Amino acid sequence: MKILLIRPPVPPHTIGLKHIMICEPLELEYAAAKLLNHEVQILDLIVEKGLEKRLKQFKPDVVASSCYITGVNEVIKIFRKTKLWNRNCFTIAGGVQASQVPEDFADASVDCIIRGDGTTILPEVIEAIEQGNSLYDIPGLAIPVDYRKVEITSERAYMPNADDLPFPRRELVAHLQHKYYYLMHQPVATMKTTWGCWYKCNFCFTWRITDGHPYSRSPESIIEELEQIKADEVYIVDDIFLINKSRLSKLAAMIRERNIKKRYLVYARADFIAQNEDIIAEWAELGLSAVFIGLEAATNSELDSMNK
């Protein structure tokens, strides 16, 4: 089948990081990773234009898109235009917002909503479409039945063991690599090593997406992917990368052993940095060039109220 994966444009009225960073659509590269027996294209509407032209030229059987809360309306616009082009084209919504609030995508233009890891579930949906099987037999879906109303299929774990995931298909957007950047870092590749979080801060959705269970990749898996990344700059998008001392030490040893030369951008907690200066120094020697820290409050009482 022909499958078109689309990243929606950023709504112009939103306030966010769109003016200082545009990174590759990693979630769509992952979604494509188990669709090797199909013809797959990625359309990144943040850096590209021409949805109608791509639909007419590629003639997809399936169009899928993914977004956060600010992109819901943009995704529905994409699907409505898709249905105007061909009402028989199957449309699939996925991503963080689809997992958390699937009824946001209960629109006449949406055929199916994925409530978990698209890398795992999307191939099952595609197979069901090909064979004419019922989507209700696939766990982890929501089927729109009316405006803002969905029917939920049976539950499933958010995702399999993280090491069982294939590597993202970066070749599908290789022609756009020069357009991806983070602040002064360009070109930059994005990489994910953990889904979810060990902490349960009450203002954050990250741990809720995976039902409080973090899925982390092994150092061996991370190193194998690093060796395949061509860009010198690697933005590790984990909400907290600097967290597990033994994992970081093993990774550091393997990076030295394999002589991997990269520069890393990561997220961390301030308390970890303060308590582990040796880890920070070691990683600085290996290429750690930027660490982003969230500052949620200025007093201990405020932090306690957040379950920080």
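In this predicted model, Val234 of strand β13 has Tyr264 as its bridge partner in β14. That pairing belongs to a set of three bridges that join β13 to β14, a strand covering residues 263–268, and the two strands run parallel. Between them comes a helix: β13, helix α8 (residues 245–258) and β14 make up a β-α-β unit, and its hand is right-handed.

Val234 has a bridge partner in strand β10 as well, namely Ala189. Here β10 (residues 188–191) and β13 pair up in the parallel sense, with four bridges between them. Another pair in this set of strands is Thr190 with Tyr235, the latter sitting in β13. So what does β13 itself look like from its two sides? Strand β13 takes in residues 233–236, and both of its faces are covered. Glu233 and Tyr235 lie on one side, Val234 and Ile236 lie on the other, and all four are buried.

Strand β10 tells a similar story, residue by residue. Val188 and Thr190 point one way from β10, while Ala189 and Met191 point the other way, and all of them are buried. Take Ala189, which is found in this strand. Is Ala189 buried or exposed? Its relative accessibility is 3%, and because buried means under 20%, Ala189 counts as buried. Ala189 and Glu233 are 44 residues apart along the chain, yet their C-alpha atoms are separated by just 6.3 Å.

Elsewhere in the model there is a nonpolar core to look at. The largest such core has 30 residues, and those with the most contacts inside it are Leu5, Ile92, Leu122, Val125, Leu135 and Leu141. Several elements each supply at least two residues of this core, among them the strands β1 (2–7), β3 (39–44), β4 (62–66) and β5 (90–94). Strands β6 (112–114) and β7 (141–146) also do so, as do helices α1 (26–31) and α5 (118–131). Which element gives the largest share? That is α5, with five residues.

Finally, there are the pockets. The second largest pocket has a volume of about 350 Å³. Of the 15 residues that line this pocket, Arg170, Glu171, Gln228, Ile229 and Lys230 are the closest to its centre. What kinds of residue make up the lining? Seven are nonpolar, two are polar and six are charged.

Notes. Residues numbered from 1 in each chain as written. Predicted model: local features only at pLDDT ≥ 70, side-chain atom pairs only at ≥ 80, totals over all residues. Heavy atoms only, no water. 1 Å grid on protein atoms, 1.4 Å probe; cavity = no way out; pocket = protein on both sides within 12 Å on 5 of 7 lines; lining within 4 Å. Points joined across faces, edges and corners; volume = space filled by probe spheres on them. Nonpolar A, V, L, I, M, F, W, Y, C, P; charged D, E, K, R; others polar. Buried < 20%, exposed > 50% of the residue type's maximum accessible area, 1.4 Å probe, protein only. Pairing = 2+ DSSP bridges. Right-handed = clockwise from strand over helix to strand, strands pointing away. Core = buried A, V, L, I, M, F, W, Y, C linked by side-chain atoms within 4.5 Å.
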